[in-house]
Amino acid sequence: MKVLRKNGEMVEVNFEEQEGKKAFWHTSAHVLAQAVKRLYPETKCAIGPAIENGFYYDFQFDFPFTEEHLKTIEAEMRKIVKESLSLQVCEKSREEALSIMDQAGETYKMELIQELNETEQISFYKQGEYEEFCAGPHISNVCQIKAIKLLSVAGAYWRGSEKNQMLTRIYGISFPQKAQLNEYLHMVDEAKARDHRKLGKELGIFTIFDEGPGLPVFLPRGMVLKNLLIDYWRKIHRREGYVEISTPIMLERNLWETSGHWDFYRDAMYSLKVEDDDYAIKPMSCPGGMLVYKLEPRSYKELPMRMGELGLVHRNEKSGTLHGLMRVRSFTQDDAHIFMREDQVMDEIQGVMRLIDEVYQKFGFSYEIELSTRPEHSIGSDDDWQLATEALEKAVQGMGKSYVVNKGDGAFYGPKLDFHIKDSIGRTWQCGTIQLDFQLPQRFDIDYIGADGEKHRPIMLHRVVFGSIERFIGILLEHYAGKFPAWIAPVQVKVLSVSDKYNEYAREIEGTLKENDIRVEVDDRSEKLGYKIRQARLEKVPYMIVVGENEKNNMSVSIRQRDAEFDKQDMGEMSLEQVVRFLL
């Protein structure tokens, strides 16, 4: 696929590459705008970027626009593609650009141009009669777009401010091959069926009240699941030599000023007054961990010191971005901070990588690694950032793992490795992270006594594995479509009595299973067995135990399994001892 850059350079780029996708979807957005202007010439165009999955364009229509108009626009887009229009790029002065947009009546474009530097040359891309100022890149010819689908319509304020004009945003997707579009649309349908908000309600996992937007409430079954994840987290962290701490949910402003969060993260923090002093509710746990480290003098013999914390944190997310468990205002972060000597850095990074790998494999996730480098707004010297970045690079390379570089997306105090897991329908989610930090140890003036009897500055590693317990549960719900593996299923076994006569026997079985730490429920309602089986299937319980006359007489049970072909779900009759051994 040939891509045209704003300097006129033509390069060969694969669609799967970041630049390839951006150019392809950016050009598709221009085709959308061209189709709209052909059909509705009085429409004003705003912006039309490529996004993570596809593109959108914002318009101001002079008539009520509905989703019914999408088919007409989509058909016009296909006509434009068939015209095989090549893209051309040229530079114009600010005055020329304003004149072109003024003649076209494009007031939103004029506003954007007016904000640019007066001496700056502005690149314009042209395809047929349609011309737009744009930084690019774009594909060389619209004929490369073999499949287009306009997906939805939404309202969007100009520049994201409710004080401005409400525009119409049209979302779309496009691909170089029709098969890719079909695959994507199938994934979208799958994603709707797996929506964790729907499943969470149906399975009694969580809810979010109108009285607390972005503040998830875990229901009894959800608490079982959450605690199972936490128990697993604690088990593997004890094995790896971590100690667990718990720091306050809010701390004084001066702490957050020392850490840098007050300057670099304040917009995402909740603050309050306590007896005329400023406090902040923690958006992350690291400053509290620094205070714990400083409680007493430390020796080089104590390092590495691995401190874990399941910290309840709060972040001031905008209401429009909230989404079930995936984007919330309150969540449990499985944080840990490792304080180490310089000679321990490589081993500790790779130790965390092995731990993350083990956890993701247990849940059936593959993953990709992204190295994020220094952002524009950050603290620390160039030398420290270079050392930290190189250390992360060498650690990944030493593990034989591939990675991509995400320039400028590091934390304000250090570079990081982000772990993007891939779920069962191919979507990726950022969960784990490893951040190497030279800055907070300096800002908090922490040290240890070395073998030479002198004070030395430790290096700090921030890391999470799940990322957020809440978000990880949301991902698991969608990954498994609610059919959790038996070991983390909130209910592992449902005991179904054929009739009321066998309820007492069903309760005896329940007692035995509970004694063996098997999570079990009994359905002893006066309903037909077929109804009870259907209900257990809807609840996605891994195993059903059916008890009736024959089972009671034989002191046995009949067991059925969820995850098998329909004709193989019935596992037959077993003794209760056999069932316990099987489930354990």
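In the predicted model, strand β15 (residues 250-252) pairs with strand β17 (residues 277-281) in the antiparallel sense, and three bridges connect the two. Within this pairing, Met250 stands opposite Ile281 of β17. Strand β17 is also joined to strand β16 (residues 270-274), again in an antiparallel arrangement, through five bridges, with Ser271 having Ala280 of β17 as its bridge partner. Strands β16 and β17 form a hairpin in which two residues lie between the strands, and Glu275, located in the turn, has a positive phi of about 50°.

An open sheet of eight strands is also found, in which the pairing is mixed and the strand order is β14-β18-β19-β26-β23-β22-β20-β21. Because β14 (243-244) and β21 (404-406) stand at the edges of this sheet and each has a single partner strand, one side of each is left without a neighbour in the sheet. Elsewhere in the order, strand β20 (residues 366-372) and strand β22 (residues 416-422) run antiparallel and are joined by seven bridges; here Tyr367 stands opposite Ile421 of β22.

Both Tyr367 and Ile421 recur among the contacts of Tyr360, which, when neighbours within four places in sequence are left aside, comprise Phe365, Tyr367, Phe419, Ile421, Cys431, Gly432, Val465 and Phe472. Tyr360 itself belongs to the largest nonpolar core, a set of 59 residues in which Tyr360, Phe363, Leu417, Leu436 and Phe472 touch the most other members. Helix α11 (residues 345-362) supplies the largest share of this core, namely eight residues. Apart from this core lies another, made up of 43 residues that include Val11, Ala29, Phe59 and Cys134. Such groupings may be set beside the general tendency of nonpolar side chains in soluble globular proteins to be buried together.

Cys134, one of the residues of the 43-residue core, is also found in the lining of a pocket. This pocket, the second largest, has a volume of about 310 Å³, and of the 19 residues that line the second largest pocket, Ser123, Phe133, Cys134, Ala135 and Gly136 are the closest to its centre. Two or more lining residues are given by each of the elements α4 (107-114), β7 (122-127) and β8 (130-133). When the lining of the second largest pocket is divided by class, nine residues are nonpolar, five are polar and five are charged.

Terms used:
Residues are numbered from 1 along each chain as its sequence is written. This is a predicted model: local features need pLDDT of at least 70, side-chain atom pairs count only at pLDDT 80 or more; totals for chains, interfaces and linings use all residues. Side-chain values use heavy atoms; hydrogens and water are left out. A nonpolar core is a set of buried Ala, Val, Leu, Ile, Met, Phe, Trp, Tyr and Cys residues joined through side-chain atoms within 4.5 Å. Buried means under 20% relative accessible area, exposed over 50%, partly exposed in between (1.4 Å probe, protein chains only). Helices (H or I, at least four residues) and strands (E, at least two) are DSSP runs, numbered from the N terminus. Contact means heavy atoms within 4.5 Å. On a 1 Å grid over the protein atoms alone, a cavity is a set of points where a 1.4 Å probe fits but cannot get out, and a pocket is an open set with protein on both sides within 12 Å along at least five of seven lines; lining residues have an atom within 4 Å of a point. Grid points are joined across faces, edges and corners, and a volume is the space filled by probe spheres set on the points. Ala, Val, Leu, Ile, Met, Phe, Trp, Tyr, Cys and Pro count as nonpolar, Asp, Glu, Lys and Arg as charged, and the others, Gly among them, as polar. Two strands pair if DSSP finds at least two bridges between them.
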